[in-house]
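Student: I'd like a close look at one part of this protein. Could you walk me through the way its helices pack, and then place that in the wider fold?

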Amino acid sequence: MKRDCCIVLVLVSILSLIPADAFLVPASPLRTQASSLLTMEAKKDPQTPGSPWINLPRKILAPATLAFATWQSTFSFQPGFLGASSSVFPGVETVQSAHAARPSNAPSSAGSRVNKDAESLLRYGLPINSKEARELQEAVEGVKENIRGKRLNEGKKDVQRAKSILASKREKLLKSVRSDGKERAQELLKELEGNLDELTATFAEDAGRGSEQERAKLDLAYKQQLDASRAVTEVEELMVPAGYTVSVPEEFSNLPQLQGRAEVDMMLKKGEAGEKFEIKGKLYDSIQVKMVIDGFNAPVTAGNFVDLVQKGFYNNRPITRSDGFVVQYGDPEPQGEVHGYVPFGSKDVRTIPLEIFVAQDESPMYGMTTEDDGRGYSATRLPFQAYGAIGMAREEYVADSASSQVFWLLFESDLTPAGKNLLDGRYTCFGYTTENADLLAGVKEGDVIVSAKVVKGGENLVKK
């Protein structure tokens, strides 16, 4: 085993020397094998049977396999290099792979900036068409990034840019708001103006670098930016057309649909009485997270989840998987034969289709991945690129097999660089954890979901 671990680490080290620009991941059997090690399969045992690598930690094996897959897709193997059926990984067949063309929107390096902000991703997921709103959003979000990086001069510039947009494009912003929201939008823009004035004053305060005063200044600026961001979010939500719905194929009309968004609060406790969560040196009796469930971009998947939450399905369910990549739950019989939701009076598990909303499309596509559709590199409306992104588990080779099992992605940009995400387009992302996502790192297999409640947007659930 030590030798096997060493081989993996050496491989990863070698691959780290290859320019990230060269890393392309076209569809291939090896890529499928790599993704199967990261898969959110709705089965209890996600490992590869019969492999001597079975006991290797996922955090080592999965990135190594993925790295090898990307390396292989860049440097096509010729017969005789390792042999037509040779493989560095036992049980994984090496195949020839054509060098794929690099898409124009692909990042230039693994270090390319990834938008990991759940609130920002939700704003970009809104079905609105206001250039001015996006410009304002970008400026306000830039303040947050610069506060985090202690780039206060750049933060000041973003504040001034946001003020300029408000001053010069207020009428255009209000014109994009639906008629029943214009009065509220005017109030919000005035609040936002005040938030930006507060940020300007905070940035102007003197504070020595590295001092307690600087820390207090940054904390205050962060809170003020959060207030500004919330105002932007509400203004953009008022731009969604009244009565907006997402088209769903008739064959799925019998399934619950969420036409809009909902918020779900969930509380978790340790599996053993008296135990506490230990996260970054702190102890917690319980963990409470807030999730925004997005029916604008995944109406069927979101509707299915909200329906199950309202039924109390997830209450007292155990966490069935926690491996450093995902935290998964929702299996009613982890040791049994039924692994999904069975409606009252039925003998069959209710399943929902794979639902992928490609960024440039007008509605989601169903029953196929973006690779199946010949668009493997296409961006999705809700990408898996925030810590606590919410996805629907399914059997890897059966697209329409999801039912009740859900996972939180413990996103790490080093393992999931921009443009090389194996989940986008293959699994349905239907929301994000917007509060206490970082605490999910302490959730382990056997911990229990005490309660899950819809606290907002329940009226958006449509059932036939």
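Tutor: Here is a look at two helix pairs, followed by the cores.

A word on ground rules: this is a predicted model, where local features need pLDDT of at least 70, side-chain atom pairs count only at pLDDT 80 or more, and totals for chains, interfaces and linings use all residues. Residues are numbered from 1 along each chain as its sequence is written, and side-chain values use heavy atoms, with hydrogens and water left out.

Let's start with α7 (residues 182-204) and α8 (residues 212-237), which pack at about 160° with their axes 9 Å apart. (Axes are lines fitted to C-alpha atoms, for helices over the stretch in contact, and angles run from 0 to 180 degrees between N-to-C directions.) That angle makes α7 roughly antiparallel to α8, a label for angles over 145 degrees. The crossing of the two, α7 and α8, is left-handed, meaning that the near helix is turned anticlockwise from the far one by less than a right angle. Among the residues in contact (heavy atoms within 4.5 Å) are Leu188, Leu192 and Phe203 of α7, along with Leu220, Ala228 and Val232 of α8. Sorted by class, the contact of α7 with α8 has 12 nonpolar, 4 polar and 5 charged residues. (Ala, Val, Leu, Ile, Met, Phe, Trp, Tyr, Cys and Pro count as nonpolar, Asp, Glu, Lys and Arg as charged, and the others, Gly among them, as polar.)

Now for α5 (residues 131-148) and α6 (residues 152-175): they pack at about 160° too, with axes 8 Å apart. That makes α5 roughly antiparallel to α6, and α5 passes α6 in a left-handed crossing. The contact includes Ala133, Leu136 and Val143 from α5 and Val159, Ala162 and Ile165 from α6. By class, this contact of α5 with α6 has 11 nonpolar, 3 polar and 8 charged residues.

On to the wider fold. The largest nonpolar core has 42 residues, and Met266, Ile293, Phe305, Tyr329 and Trp408 have the most contacts inside it. (Such a core is a set of buried Ala, Val, Leu, Ile, Met, Phe, Trp, Tyr and Cys residues joined through side-chain atoms within 4.5 Å; buried means under 20% relative accessible area, with a 1.4 Å probe and protein chains only.) Helix α9 gives the most to this core, with 6 residues. Apart from this core lies another, of 33 residues, including Ile128, Ala133, Ala162 and Leu189. Across the 464 residues of the protein chain, 50% count as buried.

Methods: Helix = DSSP H or I, 4+ residues; strand = E, 2+ residues; numbered from the N terminus. Parallel < 35°, antiparallel > 145°, perpendicular 65-115°, else oblique.
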